[in-house]
Amino acid sequence: MAWEGAALTSGSLLLPTVEATAWRLIELAGTGELWHALWVSNHAALLGFALAGAIGVPLGLAMGRWPSADWFFDPYLNVMLATPMPAAIPVVIMVAGLGLPARVLVVVLFALATIVFHARAGFRLVGWELLEMSSAFGASEWQLWRKVVLRGAAPGIWLGVRLGAIRAVSAMVTIELLLVAVGMGRLILDAQGSLDAAGLFASVMVIVAESVLLAHLFQRFEQDASQAAMGMAAE
Amino acid sequence: MITIESARVRFASTEGGAPMVALADVSLTIARGEFLCILGPSGCGKTTLLKAMMGLVPLDSGQIRIGSHAVTGPGADRAMVFQNYALLPWADVTANIAFGLELRGASREECARQAAHWIKAVGLGGFEHHLPRQLSGGMQQRVGLARALAVEPEILLMDEPFGAVDAQTRRLLQEDLLDLMQRSGKTVVFVTHSMEEAVLLGDRVALMSPRPGRVREVIEVGLTRPRTASVEREPRFTELKEYLWERLRAMRDEAADA
């Protein structure tokens with residue numbers, strides 16, 4: 001509402017009306033330009049995110065279980081978490097080039113630590129009491145993981161996956177805007193370059209929508225896991 | 001029979017100082033079918049001793065034997081009831097009670113049958129599908145007790161099991177435990193910091209003192225069995241309770257002088 005009001009009263013070229021943005025969005029979708037851009041961007045984001053999850057969840061749980069693993073990996077992950085994303089991207093490109101692998105690597109670098117730390121926090125949520133009880137009743141390492149740890153740590157794991165997904169999308173757009181102009185980043189840069197304000201707004205909205213959708217999806221998993229793990233199943 | 005021979009346990013200190021001696025040279029023999037209470041002030045190593053019997057805490061030296069076998073880890077002949085209940089928060093009463101059986105590879109039917117039996121035995125009928133957080137502390141510990149009994153151990157190790165419940169509930173739990181155990185012939189080792197509880201439940205009371213943890217004295221209770229809570233009116237009960245309190249207070253004074 002505020003947006004529409006501001007656009008109408010200012011009559012500015014740089015602030016498009018909601019209507020113009022919507023039309024531009026339909027137009028972009030119609031030519032297939034949008035879909036292509038989304039696919040190119042998400043290809044990197046998806047691969048990177050899947051990789052970060054596949055490494056991050058087991059690594060975080062292992063760091064929770066074995067102090068030596070925690071001691072070894074923790075400093076690297078802290079650096080990874082603390083590094084400002086745009087500053088690190090040029091370095092990655094120097095090392096890995098401009099192709100898909102470089103973009104995937106950036107996504108992994110920026111999603112991994114979040115996923116690891118939350119999985120580790122999830123493991124700690126299980127509590128030593130349950131681990132001790134399980135070994136007292138003769139649980140093997142495998143049973144311990146399957147029947148206790150994965151159930152108890154699920155809320156932390158899913159929270160990490162959700163935040164990791166948001167960081168993955170953010171990393172994907174950042175690298176496209178900063179250095180490798182492809183996908184959604186390219187769409188945004190093109191719109192900006194040609195003063196296509198409606199196109200710019202439309203592209204940004206698509207990215208925001210995607211990020212929100214992902215976050216929402218994983219939040220569902222997280223809440224379900226959380227309620228189940230705390231013993232709050234509806235009954 | 002449980003034989004504990006010169007058991008020593010040290011814990012690494014967290015600040016890198018000298019290691020803390022949790023158990024210093026503890027020797028103790030517990031007869032088959034005996035109900036032994038371990039009594040002592042906090043920090044005397046009574047829980048450590050119990051966990052060592054369970055095989056959860058390794059000894060630095062000495063030995064614990066069950067019959068002729070040395071304890072090297074948890075085993076099917078022993079089960080433990082925990083101070084903080086340690087129930088799986090996501091599992092209902094039935095699943096929690098069957099947990100030990102499930103780990104041992106019992107079939108689904110066997111688990112359900114055993115759980116149903118023990119739910120009745122500990123007085124949890126009607127709560128089969130409740131989750132731990134929907135139960136009071138006393139009921140949660142009934143689940144903990146049923147879970148331990150369901151694996152049919154020869155030896156039941158109980159770590160201050162009624163320490164966290166209110167006085168009335170504790171009294172009921174004690175009476176029910178007396179009732180259950182007197183018929184079972186199981187060996188029970190019961191850690192407590194309550195003198196009344198030790199005298200009410202035990203055949204003998206092992207008195208431990210802290211820093212370093214050691215067994216000071218083993219006292220024969222000598223009250224008749226089957227016992228009910230009415231033994232609390234017998235002179236022997238009061239006499240023993242007073243004696244234990246004197247001994248505990250003497251330990252405090254020693255510690256204060258040191």
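Start by selecting I175(A) and showing what surrounds it: leaving out residues up to four places away in sequence, I175(A) touches I89(A), I93(A), A102(A), R103(A), V106(A) and V180(A). Keep in mind along the way that this is a predicted model.

**Stop 1: around I175(A)**

Colour helix 8 of chain A, residues 141–178, and you will find I175(A) within that helix. Is I175(A) buried or exposed? Its relative accessible area is 0%, and buried means under 20%, so I175(A) counts as buried. Now add V149(A) to your selection and draw a distance between the two C-alpha atoms: I175(A) and V149(A) are 26 residues apart along the chain, and the separation is 36 Å.

**Stop 2: the pocket beside helix 8**

Stay with helix 8 of chain A, but bring chain B into view. Helix 8 of chain A gives three residues to the lining of the largest pocket, the largest share. To centre your view there, select K147(A), A95(B), F99(B), E102(B) and R108(B), which lie nearest the pocket's centre among its 14 lining residues. Which elements give two or more residues to this lining? They are helix 8 of chain A, together with helix 3 (99–103) and helix 4 (108–121) of chain B. The space inside the largest pocket is about 300 Å³. If you colour the lining by class, you should see eight nonpolar, one polar and five charged residues.

**Stop 3: where helix 3 meets helix 9**

Go back to chain A and select helix 3 (residues 33–65) and helix 9 (residues 183–193). The axes of these two helices of chain A come within 6 Å and cross at roughly 130°. That angle falls outside the parallel, perpendicular and antiparallel ranges, so helix 3 and helix 9 of chain A are described as oblique to each other. For a view of the contact itself, show side chains for E33(A), L34(A), A37(A), L38(A), V40(A) and S41(A) on helix 3 of chain A. Facing them on helix 9 of chain A are G183(A), M184(A), G185(A) and L187(A). By class, this contact holds six nonpolar, three polar and one charged residues.

**Stop 4: S203(A)**

Finish with S203(A), which sits in helix 10 (residues 197–229) of chain A. With its neighbours within four places in sequence set aside, S203(A) is in contact with L28(A), M184(A), L187(A) and I188(A). You have already met M184(A) and L187(A), on the helix 9 side of the previous stop. How much of S203(A) is accessible? The relative accessible area is 1%, so S203(A) is buried.

Note on methods
Residues are numbered from 1 along each chain as its sequence is written. Chains are lettered from A and ligands numbered from 1 in the order in which they are written. This is a predicted model: local features need pLDDT of at least 70, side-chain atom pairs count only at pLDDT 80 or more; totals for chains, interfaces and linings use all residues. Side-chain values use heavy atoms; hydrogens and water are left out. Axes are lines fitted to C-alpha atoms, for helices over the stretch in contact, and angles run from 0 to 180 degrees between N-to-C directions. Helices (H or I, at least four residues) and strands (E, at least two) are DSSP runs, numbered from the N terminus. Angles under 35 degrees count as roughly parallel, over 145 as roughly antiparallel, 65 to 115 as roughly perpendicular and the rest as oblique. Contact means heavy atoms within 4.5 Å. Ala, Val, Leu, Ile, Met, Phe, Trp, Tyr, Cys and Pro count as nonpolar, Asp, Glu, Lys and Arg as charged, and the others, Gly among them, as polar. Buried means under 20% relative accessible area, exposed over 50%, partly exposed in between (1.4 Å probe, protein chains only). On a 1 Å grid over the protein atoms alone, a cavity is a set of points where a 1.4 Å probe fits but cannot get out, and a pocket is an open set with protein on both sides within 12 Å along at least five of seven lines; lining residues have an atom within 4 Å of a point. Grid points are joined across faces, edges and corners, and a volume is the space filled by probe spheres set on the points.
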